[in-house]
Amino acid sequence: MRCVPGIVAVVLLVSFDFCITDDNGSEIAIAALVLARGGSKGIPLKNIVEIQPNQTLLARALHTIRQSGVFNAMWVSTDHEQIASEAARHGATVFARSATHAQDHSSSLAATQEFLHAHPEINHFALIQCTSPLLRADYLMQAAHQVRAFTDNAMGMMPSCAFSVVRSYKLRWRIADTLNGRLQAINFDPMARPRRQDWDGELVEAGMFYFSQRQLVMDMGIFQSEWCTVVEVDEQDALEIDSVRDLTLARVLIDME
């Protein structure tokens, strides 16, 4: 098998190899992509706020990506000079995200489509959220393994994808009638209320990462399909940084490790 070296270059050149082989013996290269715009409101420049002394959220994510050893390239899409500098300092290649796709209302899908349009050579990729500070290299390795296994079994007939989930045993309700406030159970029968050990629970997206393929994003406008596989992550690890309170909690959890 011939492995194609991946080169990451901005100011610093970094070379690392990883190959996933399909049933035809060809290599499947996976690029890591982090979307990190500069316009966050709740926490200004959230992506480069320090999660530990001398370690930003972005730096921590890039370290985990490299530690996993499953990517042939590591990209950061950003519209902000300071974020670009931090990405380059930690060995990522910077993609200049346009202002059009860096607004408060801009979607991750549109920003990813912009990146893939500029890089037609990329087929398999993983969108990784740097605001998930408890991302583990093992999770990324498991997802890459599942993508390989799916590609082998599907023989390239269907696009491969994998994403992170948390298993939830919460019993959910909704307001069925807004006029009188009548409630309706969503995922259980109140007349036969299940015990935790009596059911498999539900899978809830953790938002930590999405391994996907060009065809899904560019042709279908989605990251996932019903044929995706999932990686279950620990509920505590699924913490996302959306507020100062989240940031404080994440720092405590990391200090406890």
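Okay, let's start with one pair of residues: I128 sits opposite F209, which belongs to strand 14. Keep in mind that we're looking at a predicted model here.

So where does that pair live? I128 is in strand 10, residues 124–128, and that strand is joined to strand 14, residues 202–213, by five bridges, with the two running antiparallel.

Now zoom out to the sheet. It's an open one with seven strands, and if you walk across it you get 9-8-5-10-14-11-15, with mixed pairing. At the edges you find strand 9, at 93–96, and strand 15, at 229–232; each has a single partner strand, so one side of each has no neighbour in the sheet. On average, neighbouring strands are turned by 30° against each other, ignoring direction.

Next, the helices. Helix 2, residues 81–89, packs on the sheet and touches strand 8 (73–78) and strand 9, with its direction at about 170° to that of strand 8. Helix 3, residues 108–118, lies across strands 5, 8, 9 and 10, and runs at about 135° to strand 5.

Okay, the core. Which residues touch the most other members of the largest nonpolar core? Our opening pair is back: I128 and F209, along with F71 and F211, out of 34 residues. Several elements supply at least two residues each, including strand 10, strand 14, helix 1 (57–68) and strand 11 (162–168). And which helix gives the most to this core? That's helix 4, with five residues.

Last thing: there's a second, separate core of 20 residues, and among them are I122, F163, V165 and C228.

Key
Residues are numbered from 1 along each chain as its sequence is written. This is a predicted model: local features need pLDDT of at least 70, side-chain atom pairs count only at pLDDT 80 or more; totals for chains, interfaces and linings use all residues. Side-chain values use heavy atoms; hydrogens and water are left out. Two strands pair if DSSP finds at least two bridges between them. Helices (H or I, at least four residues) and strands (E, at least two) are DSSP runs, numbered from the N terminus. Axes are lines fitted to C-alpha atoms, for helices over the stretch in contact, and angles run from 0 to 180 degrees between N-to-C directions. Contact means heavy atoms within 4.5 Å. A nonpolar core is a set of buried Ala, Val, Leu, Ile, Met, Phe, Trp, Tyr and Cys residues joined through side-chain atoms within 4.5 Å. Buried means under 20% relative accessible area, exposed over 50%, partly exposed in between (1.4 Å probe, protein chains only).
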